[in-house]
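Welcome, and please open the model in your viewer. This tour tells you what to select at each stop and what you will find there.

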Amino acid sequence: MREYAADWEALKATDPEVAEAIAGELERERTTLRLIASENYASPAVLAAVGSTLSDKYAEGYPGRRYYGGCRYVDVVEQLAIDRAKELFGAEHANVQPHSGATANMAVFGAFLQPRDPASTVLGMKLAHGGHLTHGSPVNVSGMWFNFIGYEVDRETEQLDMDRIRDQALAERPRVILAGYTAYPRTIDFEAFRQIADEVGALFWVDAAHFIGLVAGGAFPSPVPYADVVTFTTHKALRGPRGAMILCREEHAKAIDKAVFPMMQGGPIENNIAGKAVALNEAMTPAFRGYAERTVRDARALASGLADEGLRVVSGGTDSHLALVDVRPLGVDGKSAETLCDEVGITLNKNQIPYDPNPPSAPSGIRVGTPACSTLGMDEPEMREVAGIIGDVLLHPEDAGTKEKARAQVRDLMQRFPLYP
Ligand SMILES: *Cc1c(COP(=O)(O)O)cnc(C)c1O
């Protein structure tokens, strides 16, 4: 057998312009610190699967039931991904075809709701409190076609208040209750959500995009025993290729599979599905458990380090891979904090905080996440170092010397924890 997969030399020879941009991005990744909570570094094995010739194959349908011939090997790969997802998460059914988190969520709408039907209501987190674009934003199809009602975090604790959510559910009688967010740092009480859903006869859906990698590694509670359906991306804390998956109870399996294909998608991206299978296999190892635990430990160390620098940690801490941090105590807003950190090689994003008095364009907070740092092996001492750098830079925004020193510290840190061979 002659084996063959992605060939960097061939790319450089045929298309130096694209090759140069890719090389530039790798150099950027190697020299800057990644604190974006939704980003990570896929392993060389995952990248090899994604860069493989499975990209060439059409396979509309599901393993054993395809609309194309020649699916013998893609069937093997897709079935491995399905079996591993079910085993890893203890799920009754898995669909591994969604191209992205947004498409996976569309499939949930397609399976359970009718567009422009006033009775098809979804109770989800208000976007300004940490919900996702696909959870009812007016510029997204979710908000254009479906009727979203928003719950909020408590003003004092900045955490979910299950009693208030229950009251809202009893008053609104939603068809679907949605948990799972983009900027909520604390544990989510999935059991309480399940009880509320049962009480009002709603379906319970968890969008686990951000934290599913922690669930895989045993560092965050699993929604799978409680939810009817769980959607998630594979490229965030789970550390796989770009893409998504849906887990559900057997009773919803047919509806979900039909909603993914043919309702929302055509041919599956089998090379990415191979990457998902590889990532799931990696997620079953003790090393991955270590990574997941370190990710949460790192987030806690980073949050408490930033608090020591004078910043205010929203909700007082974190139980996950991310922290939401109010930067106003240092006299800056989230937008300038993002820019200042970027100038010294730290990438993070500005973020609204709950009940933010400032506009989304210049919100009061930043979101920081540790999956990428943890993948590189960074631990609590490094997170304290990073918190110190961020504190210095935000406290002295005009000082060129501070920035010069911070840049050198970031480069040194990245040299001590090198990325990719
Ligand atoms: C990232 C994310 C998504 C969307 O994923 P894409 O792959 O970018 O479409 C959906 N929901 C949540 C909660 C997310 O964090």
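## First stop: the second largest pocket

Select Gly61, Tyr62, Arg65, Asp257 and Lys258: of the 19 residues that line the second largest pocket, these lie nearest its centre. Before you go on, note that this is a predicted model, in which local features need pLDDT of at least 70, side-chain atom pairs count only at pLDDT 80 or more, and totals for chains, interfaces and linings use all residues. Residues are numbered from 1 along each chain as its sequence is written, and side-chain values use heavy atoms, with hydrogens and water left out.

A pocket here is an open set of points on a 1 Å grid over the protein atoms alone, with protein on both sides within 12 Å along at least five of seven lines; a cavity is a set where a 1.4 Å probe fits but cannot get out, and lining residues have an atom within 4 Å of a point. Grid points are joined across faces, edges and corners, and a volume is the space filled by probe spheres set on the points. By that reckoning the second largest pocket has a volume of about 330 Å³.

Now colour strand S2 (61-62), helix H4 (72-89), strand S4 (93-95) and helix H10 (253-264), each of which supplies at least two residues of this pocket's lining. Helices (H or I, at least four residues) and strands (E, at least two) are DSSP runs, numbered from the N terminus. Which element gives the most to the lining of the second largest pocket? H10 does, with six residues.

## Second stop: the largest pocket

Next, select Ile22, Glu29, Ala42, Leu47 and Tyr420, which lie nearest the centre of the largest pocket among its 29 lining residues. Helix H2 (16-31) and helix H3 (44-50) are the elements that give two or more residues to this lining, and H2 gives the most, with six. The volume of the largest pocket is about 1,000 Å³.

Try colouring the lining by class: you should find 16 nonpolar, six polar and seven charged residues. Here Ala, Val, Leu, Ile, Met, Phe, Trp, Tyr, Cys and Pro count as nonpolar, Asp, Glu, Lys and Arg as charged, and the others, Gly among them, as polar.

## Third stop: where two domains meet

Give domain 1 (53-283) and domain 2 (291-416) a colour each; these bounds come from an automatic or database domain assignment. Their C-alpha centres lie 29 Å apart. At the interface, 25 residues of domain 1 are in contact (heavy atoms within 4.5 Å) with 25 residues of domain 2.

Two salt bridges cross this interface (a side-chain nitrogen of Lys or Arg within 4 Å of a carboxyl oxygen of Asp or Glu). While you are looking at side chains, select Arg312 and Glu158, which meet in a salt bridge at 3.0 Å, N to O.

## Last stop: enclosed spaces

Three cavities of 30 Å³ or more turn up in a search of the whole structure. For the largest cavity, select its lining, including Tyr181, Arg186, His210, Phe220 and Leu322. About 60 Å³ of space lies inside the largest cavity. Why does the largest cavity lie between domain 1 and domain 2? Both domains give residues to its lining, so it lies between them.

Finish with the second largest cavity, of about 40 Å³: Gln97, His99, Arg242 and Lys276 are among the residues that line it.
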